[in-house]
Amino acid sequence: MPEGKDVIMETKDKIKKRKGLDALRGIGITGIVLYHMFPSVFRGGFLGVPLFFVLSGYLMFMTSEKCWQNGDFHILSYYKKRIRKIIPPLFIMLMAVCCYLTLAQRSQMAGIRQELTSIFLGYNNWWQIQQNTSYFSKLAAGSPFTHLWFLSVEMQFYLLWPILFLLYQKACRIFSGK
């Protein structure tokens, strides 16, 4: 069991790391919001999206590496953790928006089942492409779920990550001679 001083130092280190990442998230969110509010002025606001992808990849690698070093990296627990983190808040948000649409903008509920299915199953980005949905031309009049293509890309990354990470660990063992 770590002593009090060690716990305090570890907590301070986590807070410092978190503040830096939170600042990057804030920059990304600000860029995205400004882009959507004033697209002709803030044309590069979409760069917040790759920033979020990079942060996700970094955090996923660091978390996986720490678990690997502790002997705690298990694919099943990894998937369970991701599902518990994403699906409940996603479900609540989608149901709240659907309730609002049912009450206030019923016309947008037409054909929504396919879209909701694509969101829950993590292929909404591909579904939107198949529907010839243009993110940039439908910002004003599109589905309230148009932005969830990002979450689908994240979910696809989460699906592939353990395989990529295990291949990385195997390559490290091969090249280090262990």
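**Group meeting: a walk through an all-helix model**

Leaving aside the neighbours within four places in sequence, Ile-87 is in contact with two residues, Phe-120 and Met-155. I should say at once that what we are looking at is a predicted model, and I will keep to what can be computed from its atoms. Ile-87 sits in helix α3, which covers residues 75-104, and although Ile-87 and Phe-120 are 33 residues apart in sequence, their C-alpha atoms are 7.5 Å apart in space. Is Ile-87 buried, partly exposed or exposed? With a relative accessible area of 28%, Ile-87 counts as partly exposed, because buried would require a value under 20% and exposed a value over 50%.

Let me step back to the whole chain for a moment. The protein has 6 helices and 0 strands, so that its elements, read from the N terminus, run α-α-α-α-α-α. Of its 178 residues, 25% count as buried, and the accessible surface comes to about 12600 Å², with 68% of that belonging to carbon and sulfur atoms. If we take the contacts between residues at least 6 apart in sequence, 70% of them join residues at least 24 apart.

Now to the interior. The largest nonpolar core has 18 residues, and those that touch the most other members are Leu-90, Leu-94, Leu-116, Ile-119, Phe-145 and Leu-148. Helices α3, α4 (112-120) and α6 (149-176) each supply at least two residues of this core, and the one that gives the most is α3, with 6 residues. Leu-94, setting aside residues up to four places away in sequence, touches Leu-116, Ile-119, Phe-120, Phe-145 and Leu-148.

Turning to α2, which runs over residues 48-70, how does its span compare with what 23 residues should give? At 1.5 Å a residue the expected span is 33 Å, and since the end C-alpha atoms are 33 Å apart, the two values agree. The buried residues of α2 are Gly-48, Val-49, Phe-52, Leu-55, Ser-56, Met-60, Ser-64 and Glu-65, and just after this helix Gly-71 takes a positive phi of about 75°.

Finally, the surface. Phe-38 lies in the loop between α1 (4-37) and α2, and its relative accessible area of 39% places it in the partly exposed class. Together with Ile-29, Val-33, Met-37, Val-41 and Phe-42, Phe-38 forms a nonpolar patch on the surface, whose accessible area adds up to about 560 Å². In soluble globular proteins, nonpolar side chains tend to be buried together, and it is with that tendency in mind that I leave the patch for discussion.

Conventions: Residues are numbered from 1 along each chain as its sequence is written. This is a predicted model: local features need pLDDT of at least 70, side-chain atom pairs count only at pLDDT 80 or more; totals for chains, interfaces and linings use all residues. Side-chain values use heavy atoms; hydrogens and water are left out. Patches are made of residues with over 30% relative accessible area and no salt bridge: like charges are joined within 9 Å, nonpolar side chains (Val, Leu, Ile, Met, Phe, Trp, Tyr) within 5 Å. Accessible areas come from the Shrake-Rupley method with a 1.4 Å probe; for residues, only the protein chains shown count as cover. A salt bridge is a side-chain nitrogen of Lys or Arg within 4 Å of a carboxyl oxygen of Asp or Glu. Helices (H or I, at least four residues) and strands (E, at least two) are DSSP runs, numbered from the N terminus. Buried means under 20% relative accessible area, exposed over 50%, partly exposed in between (1.4 Å probe, protein chains only). The expected span of a helix is 1.5 Å times one less than its number of residues. Contact means heavy atoms within 4.5 Å. A nonpolar core is a set of buried Ala, Val, Leu, Ile, Met, Phe, Trp, Tyr and Cys residues joined through side-chain atoms within 4.5 Å.
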